[in-house]
Amino acid sequence: MSPWFDPSRWSIAARLLALALIPTAFMLIAGNAAMYWLTLRDAATEVRERGRSVAAALAEGSRYAVVSGQAASVERTVRDLMQADPSLVGVQVIDSSRRSVVEVDSAVVFSRSVDLEEAITSEPLDVDTFDAPNAAATADRRKGPPLGYVRVRMSVDPIVSASVDRLASGSVLVLLATIASLGIALMLAGKLRAPLKDVMHALRQLRDGRYDIQMRPGSTGELAELQSAVLSLASGLRITHEQLEAEVAARTAELNEAMHRLRLSSQEKGRLIARGNELVEEERRRISIEIHDDLNAVLVSVRMQAE
């Protein structure tokens with residue numbers, strides 16, 4: 001496995017950067033996805049409610065245009081509404097025989113749209129058309145045949161586009177905050193790596209048998225405890241090393257003394273062996289002389305007797 005994909009081989013700085021970036025990126029993606037989904041849902045609901053209000057208002061205002069056939073004022077109103085509300089992408093006013101009186105469509109084609117239709121009643125409404133309809137309004141709408149209908153086409157694309165722009169702006173701000181967090185993480189990683197480098201250098205010195213360790217002060221918390229533990233370990237190892245060296249020196253001195261005594265003993269043993277050999281030779285010479293003298297005397301006696 002490549003070291004880039006094995007977190008156990010990452011340095012502390014890389015792990016800190018991963019801790020800073022991965023949760024932020026996940027939150028950014030998840031938050032934008034959730035906001036986009038909520039935007040779509042809320043935009044669909046808002047467009048339907050806005051479409052009903054626009055259709056009801058145009059149905060109320062188009063009654064005279066449908067009856068008289070003068071649709072110029074209604075068309076101007078529709079165009080003003082379309083300029084004011086980008087989600088309003090099409091309006092069609094038709095009479096009771098389904099002939100178009102006013103038809104205005106947006107030049108932009110939107111993929112997601114919803115059509116709403118509102119009847120143009122022959123009697124005025126006694127409620128505010130921008131509020132939710134009640135039972136009295138429903139009854140008034142059903143008193144007579146409709147004079148026509150108002151068809152309104154609403155699109156969620158402009159609302160979604162505006163929301164996406166807001167999400168993009170928010171994402172840019174989050175990205176800038178992430179970059180700032182990255183800089184802070186790098187700074188903290190640098191401050192964290194400095195005492196850890198001292199600790200690693202101290203451990204390498206201990207491994208090489210060097211116990212005179214110094215560390216830069218200023219660390220707090222767990223790092224200070226770690227540095228103190230390493231310094232205490234170095235001090236203990238230095239004392240133990242000195243004791244072992246003293247013991248080795250003492251044992252070496254004792255061994256040298258024993259070797260000296262052994263050499264003296266060997267020399268004395270050599271002298272004793274040489275003296276013993278001398279005594280043996282002297283005894284042999286004495287015995288040989290005695291044997292020679294006795295044998296000569298006997299031989300002389302025998303000779304004399306023989307003669």
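How many residues apart in helix 6 are Glu-278 and Arg-275? They are three residues apart, about one turn of the helix. I will come back to that pair after an overview. Keep in mind that this is a predicted model.

The protein has six helices and four strands. Starting at the N terminus, the order of elements is α-α-α-β-β-β-α-β-α-α. It has 307 residues, and 24% of them count as buried. The exposed area is about 21,200 Å², with 60% of that supplied by carbon and sulfur atoms. Among contacts with a separation of 6 or more, 71% are between residues 24 or more positions apart.

Now helix 6, residues 221-306. This helix has 86 residues and reaches 124 Å from its first C-alpha to its last, close to the 128 Å expected at 1.5 Å a residue. Its buried residues are Gln-227, Val-230 and Ala-234. What do those buried residues pack against? They pack against helix 5, residues 157-207.

Back to the opening pair. Glu-278 and Arg-275 form a salt bridge through their side chains, at 3.3 Å from N to O. Glu-278 is partly exposed at 42% relative accessibility, and Arg-275 is partly exposed at 44%. Helix 6 also holds Arg-251 and Glu-247, which are four residues apart and so separated by about one helical turn. Their side chains meet in a salt bridge too, at 3.4 Å, N to O. Here Arg-251 counts as exposed, with 53% relative accessibility, while Glu-247 is partly exposed at 41%.

Next, helix 5. Gln-205 is located in this helix. Is Gln-205 buried or exposed? Its relative accessible area is 12%, and the cut-off for buried is under 20%, so Gln-205 is buried. Leaving out residues up to four places away in sequence, Gln-205 touches Arg-210, Asp-212 and Ile-213. Leu-176 also lies in helix 5. Together with Val-172, Leu-173, Leu-175 and Ile-179, Leu-176 forms a nonpolar patch on the surface, with about 490 Å² of accessible area in total.

On to the strands. Strand 3, residues 113-120, has two faces. The covered face consists of Val-114, Leu-116, Glu-118 and Ile-120. The uncovered face consists of Ser-113, Asp-115, Glu-117 and Ala-119. As a general point, side chains in a regular strand alternate between the two faces of the sheet. Strand 3 pairs with strand 4, residues 148-155, in the antiparallel sense over eight bridges. Within that pairing, Glu-118 stands opposite Val-150 of strand 4.

There is a salt bridge here as well: the side chains of Asp-115 and Arg-153 meet at 3.1 Å, N to O. Asp-115 is in strand 3 and Arg-153 in strand 4, so this pair ties together parts that are 38 residues apart in sequence. Asp-115 is exposed at 53% relative accessibility, whereas Arg-153 is partly exposed at 34%.

One last position is Pro-86, in the loop between helix 3 (72-84) and strand 1 (88-95). Pro-86 has a relative accessible area of 51% and the cut-off for exposed is over 50%, so this residue counts as exposed. Its C-alpha atom is separated by 9.0 Å from that of Asp-157, although the two residues are 71 apart along the chain.

Conventions: Residues numbered from 1 in each chain as written. Predicted model: local features only at pLDDT ≥ 70, side-chain atom pairs only at ≥ 80, totals over all residues. Heavy atoms only, no water. Expected span 1.5 Å × (residues − 1). Buried < 20%, exposed > 50% of the residue type's maximum accessible area, 1.4 Å probe, protein only. Contact = heavy atoms within 4.5 Å. Areas by Shrake-Rupley, 256 points an atom, 1.4 Å probe, with all protein chains shown as cover. Patch = residues over 30% accessible without salt bridge, like charges linked within 9 Å, V, L, I, M, F, W, Y side chains within 5 Å. Salt bridge = Lys/Arg side-chain N within 4 Å of Asp/Glu carboxyl O. Pairing = 2+ DSSP bridges.
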